[in-house]
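Me: I'm new to this one and would like to learn how to read it. Could you walk me through it, feature by feature?

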Amino acid sequence: MQAVVKWVDGAQFLGESGSGHAVLMDGPPDHGGRNTGVRPMEMLLLGLGGCSAFDVMSILTKSRQQVTDCRCELDAERAEGVPSPFTKIHMKFLVTGKELKEAQVKRAVELSATKYCSASIMLEAGGVEITHSYEIREA
């Protein structure tokens, strides 16, 4: 996997993925940015949510669950000072569908957390406390 991040202006950077996609990152005005893109640490949090949601949907689809919507809400805490890495992250999955089986949703979230989500497993190995919950909604 490869990526390139290049400076644009001030605290603005353009990230280009090896798969050919680009995303703009920027800092807050008090750090020289213009608030025109996501912050780099927000990008990391979004990556975690995307990685895990991808797993959850894949597992639920393979188990023939009729999912109509899946949302992962992330709430993160960071250490004080510099650097300020994530210390705790809670991931809440809101899964909507038709007659979803709770055991299948629970299993999908657990498998993502413990076996499949590379981002989650990497952050936990680095000392971040990651917790998970889920809510099932009928479509």
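Reply: Sure, we'll start with the overall layout and then look at helix packing and a few single residues. Keep in mind that this is a predicted model.

Me: Let's begin with the layout. How many helices and strands are there in the protein chain, and in what order do the elements run from the N terminus on?

Reply: You'll find 3 helices and 6 strands. Going from the N terminus, the order is β-β-β-α-β-β-α-α-β. Measured out along the principal axes, the C-alpha atoms fill a box of roughly 50 × 35 × 30 Å.

Me: What share of the 139 residues counts as buried?

Reply: That would be 29%. There's another number to go with it: take the contacts with a separation of 6 or more, and 50% of them are between residues 24 or more positions apart.

Me: Now the helices. What describes two packed helices?

Reply: Two things: the angle between their axes and the distance between the axes. Try it on helix 1 (residues 40-62) and helix 2 (residues 102-116): their axes come within 9 Å and cross at roughly 135°. That angle makes helix 1 oblique to helix 2, since oblique covers angles that are neither roughly perpendicular (65 to 115 degrees) nor roughly parallel (under 35) nor roughly antiparallel (over 145). The crossing is right-handed.

Me: Which residues make the contact between helix 1 and helix 2?

Reply: From helix 1, look for S52, D55, V56, I59 and L60. Helix 2 brings Q104, V105, R107, A108, V109, L111, S112 and Y116. Sorted by class, the contact has 8 nonpolar, 3 polar and 2 charged residues.

Me: And at what angle do helix 2 and helix 3 pack?

Reply: Helix 3 covers residues 118-125, and it packs with helix 2 at about 60°, the axes being 7 Å apart. The two helices are therefore oblique to each other, and their crossing is right-handed. Here A113, T114, K115 and Y116 of helix 2 meet S118, S120, I121 and E124 of helix 3. By class, this contact divides into 3 nonpolar, 3 polar and 2 charged residues.

Me: On to single residues. Is Q65 buried or exposed?

Reply: Q65 is buried, because its relative accessibility is 12% and the cut-off for buried is under 20%. Look for Q65 in the loop between helix 1 and strand 4 (66-78). Its side chain reaches the backbone nitrogen of K101 at 2.8 Å. Apart from neighbours within four places in sequence, Q65 is in contact with L60, E99, L100, K101 and Q104.

Me: What does V23 touch?

Reply: Beyond residues up to four places away in sequence, V23 touches F13, L14, G15 and M43. V23 belongs to strand 3 (residues 22-25) and is partly exposed, with a relative accessible area of 33%.

Me: I'd also like to read the backbone. Which residues other than glycine have a positive phi?

Reply: N35 is one of them, with phi near 60°, and R64 is another, at about 60°. N35 is in the loop between strand 3 and helix 1 and is partly exposed at 47% relative accessible area. R64 is in the loop between helix 1 and strand 4, and with 73% it is exposed.

Me: Last one: where is P83, and is its peptide bond from V82 cis or trans?

Reply: P83 sits in the loop between strand 4 and strand 5 (86-98). The bond from V82 to P83 is cis, with omega near -5°.

Technical notes. Residues are numbered from 1 along each chain as its sequence is written. This is a predicted model: local features need pLDDT of at least 70, side-chain atom pairs count only at pLDDT 80 or more; totals for chains, interfaces and linings use all residues. Side-chain values use heavy atoms; hydrogens and water are left out. Axes are lines fitted to C-alpha atoms, for helices over the stretch in contact, and angles run from 0 to 180 degrees between N-to-C directions. Helices (H or I, at least four residues) and strands (E, at least two) are DSSP runs, numbered from the N terminus. A crossing is left-handed if the near helix is turned anticlockwise from the far one by less than a right angle, and right-handed if clockwise. Contact means heavy atoms within 4.5 Å. Ala, Val, Leu, Ile, Met, Phe, Trp, Tyr, Cys and Pro count as nonpolar, Asp, Glu, Lys and Arg as charged, and the others, Gly among them, as polar. Buried means under 20% relative accessible area, exposed over 50%, partly exposed in between (1.4 Å probe, protein chains only). A polar contact is a pair of N or O atoms within 3.5 Å; within protein, one must be able to donate a hydrogen and the other to accept it, and residues adjacent in sequence count only if both atoms are side-chain atoms.
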